[in-house]
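Hi there,

Here is the structure I promised to pass on. Have a look at it first, and then read on for what turned up.

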Amino acid sequence: QVQLVESGGGLVQAGGSLRLACAASGRTFSIHAMGWFRQAPGKEREFVATTSWSGGNTYVADSLKGRFTISTDSAKDTVYLQMNSLKPEDTAVYYCAARAPPDSKGYNYWGQGTQVTVSS
């Protein structure tokens, strides 16, 4: 089992920045990849970014490139999502997810989510 806990959400003005953190615990050695997703009210869950657990391979959704960055601190078993130049449309609940073990189909562990609200 893998447990994921997100933190760092909050209220920020448009143009501001936030850094979300996702701390993993449990069988972290089995994690293959981590991802960030978001869901705004009335909308479907949207992919934001993903990284290999080692941090060697990262990918950010095309629409968010240049503003969002995903990174990993292996020593802390934590994945971060740095969000800059935030816009009101970035308002959503942000979830981190883990794919563990490597042969798992998709992300099979999810955090509880953290609210990000961007005011105009």
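**What turned up: sheet, salt bridges and loops**

Strand 7 and strand 8 run antiparallel and are joined by six bridges. One residue to look for here is F68, whose bridge partner in strand 8 is M83. Before going further, please keep in mind that this is a predicted model.

These two strands belong to an open sheet of four strands, ordered 1-3-8-7 and paired antiparallel. Strand 1 (2-7) and strand 7 stand at the edges with a single partner strand each, so one side of each has no neighbour in the sheet. On average, neighbouring strands of this sheet are turned by 20° against each other, direction ignored. As general background, strands of a sheet pair through backbone hydrogen bonds, and they can do so in parallel or antiparallel fashion.

Now to the charged residues. Side chains of opposite charge can pair when their charged atoms come close. The count for this model comes to four salt bridges.

A good place to start is R38, which is found in strand 4 (residues 33-39). Is R38 buried or exposed? R38 has a relative accessible area of 8%, and because the cut-off for buried is under 20%, R38 counts as buried. Its side chain meets that of E46 in a salt bridge, with 2.7 Å from N to O. E46 itself is partly exposed, at 31% relative accessibility. The side chain of R38 also has a polar contact of 2.9 Å with the side chain of D90. If you leave aside neighbours within four places in sequence, the residues in contact with R38 include E44, R45, V48, L64, F68 and Y94. So F68 appears twice in this story: as a contact of R38 and as the bridge partner of M83.

D90 also forms a salt bridge with R67, where the closest N and O atoms are 2.7 Å apart. R67 lies in the loop between strand 6 (58-60) and strand 7, while D90 lies in the loop between strand 8 and strand 9, so this pair ties together parts that are 23 residues apart in sequence. Both R67 and D90 are buried. Salt bridges that share partners join R38, E46, R67 and D90 into one network.

Another salt bridge links D62 and K65, with 3.0 Å between the closest N and O atoms. Here D62 is exposed, at 56% relative accessibility, and K65 is partly exposed, at 45%.

Finally, a few backbone details that you may like to check on screen:

- The peptide bond from A100 to P101 is cis, with omega near -5°. P101 sits in the loop between strand 9 (92-99) and strand 10 (109-110).
- D77 is not a glycine, yet it has a positive phi of about 50°. D77 is in the loop between strand 7 (68-73) and strand 8 (78-83), and it is partly exposed, with a relative accessible area of 23%.
- S85 also has a positive phi of about 50° without being a glycine. S85 is placed in the loop between strand 8 and strand 9 and is partly exposed, at 42% relative accessibility.

If you would like one view to begin with, try the network of R38, E46, R67 and D90.

Best wishes

Methods
Residues are numbered from 1 along each chain as its sequence is written. This is a predicted model: local features need pLDDT of at least 70, side-chain atom pairs count only at pLDDT 80 or more; totals for chains, interfaces and linings use all residues. Side-chain values use heavy atoms; hydrogens and water are left out. Buried means under 20% relative accessible area, exposed over 50%, partly exposed in between (1.4 Å probe, protein chains only). A polar contact is a pair of N or O atoms within 3.5 Å; within protein, one must be able to donate a hydrogen and the other to accept it, and residues adjacent in sequence count only if both atoms are side-chain atoms. Contact means heavy atoms within 4.5 Å. Two strands pair if DSSP finds at least two bridges between them. Axes are lines fitted to C-alpha atoms, for helices over the stretch in contact, and angles run from 0 to 180 degrees between N-to-C directions.
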